[in-house]
Amino acid sequence: MKRVFAHIGFSFAITLIVLNIFGIKAAFAALAVTGAAFALSVIVKKTRRAAAVPVCMISAFLACALFICVYAGVFLPQKALDGKTVSTRFYISELKESETGDFFTYTVKTVSVDCENAPQRITLKLRGKKRIDADYGQIINGKLKLRLTAENGFDSFGNFGNGIFLSANLSSFGVENSYVSGPERFILNARNALRDFIFGKAPKKEAAVITALLIGDKSNLTDDIKNDFSSSGTSHLLAVSGLHLTVLSGALFFFLKKLKVPKIPRSVISVFSVLSYMALTGFSKSVTRAGIMMIILLAGEVINEKSDTLNSLGFSVFVICLNPFAVTDAGALLTVTAVLGLVTVEPLLAEKIKPKNYILKFFADIFLASLAVFITTLPVIFAFFGYVSLAGIFLNLIMIPVAQITLVSAFLMTALQWLSPVCAAFAFVAKIGAGSMLLLTEKCADLPYAVTDICTPEIGLAIAAVLFLFGFVFLFGKKRLIKPCAVVSAILFAAILFGSALINSNCVFIREIGGYYSTSVAVYDSENLLVIGVEDYNQYSAVKSLARAKNLETVMIIDTGGSEYSKRLARDFKVLNYVTAEKEDLAGINCGNIFNADEFDVDLWRNLNVKYHYGGKSKTDITLEIYGRRFYCRSYGGDICFNETSEFDSLYTVNKYGSGKRGLNQWLK
């Protein structure tokens with residue numbers, strides 16, 4: 001059987017995705033079903049000879065067993081600590097995070113937990129009001145109030161995938177004069193020294209981009225920079241992955257080959273370099289996947305065997321899936337589906353477009369790779385984010401070469417620190433490259449329709465239909481049907497989108513947007529936007545993306561808590577009406593009418609009536625009447641409660657026939 005590891009890895013991953021959705025009870029049922037299916041596939045001669053069916057079934061069976069074991073042996077013991085206040089000894093295990101509001105957050109590992117039957121060595125997300133002045137690996141004793149991050153992996157926003165099941169509030173602590181032993185402390189100190197060196201060679205914003213490119217540390221990126229990269233479809237460049245590892249390891253391998261280093265030493269040095277870089281970037285799942293594939297490629301070089309990319313990807317997926325919650329991490333799913341696009345879709349596109357000119361071919365390859373990645377990652381983007389940037393397909397033509405130059409320059413800058421003139425030259429190139437990336441993403445993110453809203457159920461239906469068609473073709477090996485399938489898929493996708501546009505043309509949408517401490521509401525149709533209670537950057541970013549994606553006119557902003565982010569939105573867009581009950585300086589607000597209001601009742605646009613009553617900071621009532629249906633918003637000191645409290649973002653669709661609701665954008669909360 002060809003590509004045995006591809007069958008094993010993807011069977012593992014698909015099974016674990018299903019189990020993380022349906023939970024532990026489904027895992028026991030699936031264990032029995034897959035076990036019986038494996039036994040049957042071995043007994044039946046036809047399936048036994050096919051080999052792929054038994055391999056997939058035993059892989060699914062083992063995935064179920066692994067999920068049950070980790071759930072019972074790792075998750076449940078930590079879940080038992082939910083709500084408890086315990087004394088612990090711990091140390092900082094990741095690069096220190098920047099200050100968020102009035103709090104400092106850290107990723108820590110415990111040395112001991114003073115609680116009966118509690119697991120002793122666990123990883124936590126820690127938040128406290130005081131900065132912890134301690135070295136990496138230095139032991140800290142403190143009293144922690146623990147709480148469960150989420151009930152399942154998909155609700156944890158990647159924390160389960162990183163082995164973090166609990167978060168904690170730090171009430172008091174003391175720093176000991178003792179340290180943990182092991183390589184982790186050395187790696188963290190090396191990463192920190194590298195970061196400090198980069199910040200000494202470039203301005204803060206450029207240095208933050210260079211650090212993210214080189215070692216995957218994004219803690220110093222401002223919210224605006226993250227939002228610009230996301231809106232322009234180039235955020236993948238800030239997540240260290242196969243692109244970064246390939247550029248650096250490829251450059252090293254080429255250099256060693258030019259020096260005529262023998263094959264085996266050359267490969268050994270390259271493998272050691274790959275492992276070192278994986279450690280330096282914190283063994284993120286994207287780098288782990290790329291590193292495993294690179295090591296397999298280098299091993300094939302030694303034994304004169306060309307590795308199969310899809311098989312190598314399957315093996316790396318299998319290794320990542322040894323943590324059964326890794327499949328709930330959006331970054332892990334994006335990196336795997338992106339490589340799938342490069343392996344399967346990009347070659348098909350490249351067969352049709354073959355420029356003879358070298359320069360044209362270079363940019364054509366980038367464009368086709370971007371398009372292939374866009375196609376295969378679209379289901380993940382729909383499920384986790386709800387927005388996609390079409391601009392990124394074209395912007396990557398410029399950004400990828402610039403990022404590659406910046407990355408190589410940054411690497412040489414740090415590697416040649418002892419040669420001051422040479423180091424300064426590479427630092428200058430890296431600084432110019434990072435500055436260019438910042439400028440390009442900022443300008444692109446400000447364009448109308450820079451991002452496209454794909455959160456509607458009709459989009460999900462279109463994606464599911466296309467996946468079903470191509471899944472049928474690949475499952476049954478009907479390669480001759482690929483072209484007709486592509487045509488049918490394009491027509492089907494266009495028809496569903498056109499039908500969706502007609503259906504939603506007379507709808508009013510209510511977007512409930514969660515934040516760190518509050519909830520805001522955005523109400524919009526095909527032209528207009530009403531914003532209520534934007535209290536933090538996540539809400540500001542979501543509303544800004546929504547307005548750009550649909551090119552909406554902001555008719556009114558109701559500032560329920562005197563928020564700087566509500567004012568910031570008004571400065572970004574020309575707002576017709578800005579409502580606030582706060583008596584404060586509103587200079588610089590970009591709008592037609594600014595007024596303090598205690599109460600009003602107005603038809604804001606067709607099919608939308610807004611009733612507003614200010615009852616002081618403790619209580620403000622807002623009623624939305626849409627097609628005769630009423631939706632109630634209540635503000636308590638700036639925190640909007642919309643109908644009922646929801647842990648995640650929600651999207652309500654209202655028309656003359658009724659209303660519907662769906663969860664939305666859970667990953668970005």
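**Helix α1, its partner α11, and residue I24**

Mentor: In this predicted model, helices α1 and α11 cross with left-handed geometry.

Trainee: Which residues make that contact?

Mentor: On the α1 side they are V4, F5, A6, I8, G9, F10, F12 and A13, and α11 contributes L310, N311, L313, G314, F315, V317 and F318.

Trainee: How many of the residues in the contact of α1 with α11 are nonpolar, polar or charged?

Mentor: Twelve are nonpolar and three are polar, while no charged residue takes part.

Trainee: At what angle do α1 and α11 pack, and how far apart are their axes?

Mentor: Helix α1, residues 4–22, and helix α11, residues 309–320, meet at about 40°, and their axes lie 7 Å apart. The two helices are therefore classed as oblique to each other, since the roughly parallel class is limited to angles under 35 degrees and the roughly perpendicular class covers 65 to 115.

Trainee: Staying with α1, is S11 buried or exposed?

Mentor: S11, which belongs to helix α1, has a relative accessible area of 11% and is therefore buried, the limit being under 20%.

Trainee: What does S11 touch, apart from its neighbours within four places in sequence?

Mentor: With those neighbours left aside, S11 is in contact with C56 and S59.

Trainee: Changing topic, where is I24 found?

Mentor: I24 is in helix α2, which spans residues 24–43. Excluding neighbours within four places in sequence, I24 contacts F67, I68 and Y71.

Trainee: And what separates I24 from L397?

Mentor: Their C-alpha atoms are 45 Å apart, and I24 and L397 are 373 residues apart along the chain.

Note on methods. Residues are numbered from 1 along each chain as its sequence is written. This is a predicted model: local features need pLDDT of at least 70, side-chain atom pairs count only at pLDDT 80 or more; totals for chains, interfaces and linings use all residues. Side-chain values use heavy atoms; hydrogens and water are left out. Helices (H or I, at least four residues) and strands (E, at least two) are DSSP runs, numbered from the N terminus. Contact means heavy atoms within 4.5 Å. Axes are lines fitted to C-alpha atoms, for helices over the stretch in contact, and angles run from 0 to 180 degrees between N-to-C directions. Angles under 35 degrees count as roughly parallel, over 145 as roughly antiparallel, 65 to 115 as roughly perpendicular and the rest as oblique. A crossing is left-handed if the near helix is turned anticlockwise from the far one by less than a right angle, and right-handed if clockwise. Ala, Val, Leu, Ile, Met, Phe, Trp, Tyr, Cys and Pro count as nonpolar, Asp, Glu, Lys and Arg as charged, and the others, Gly among them, as polar. Buried means under 20% relative accessible area, exposed over 50%, partly exposed in between (1.4 Å probe, protein chains only).
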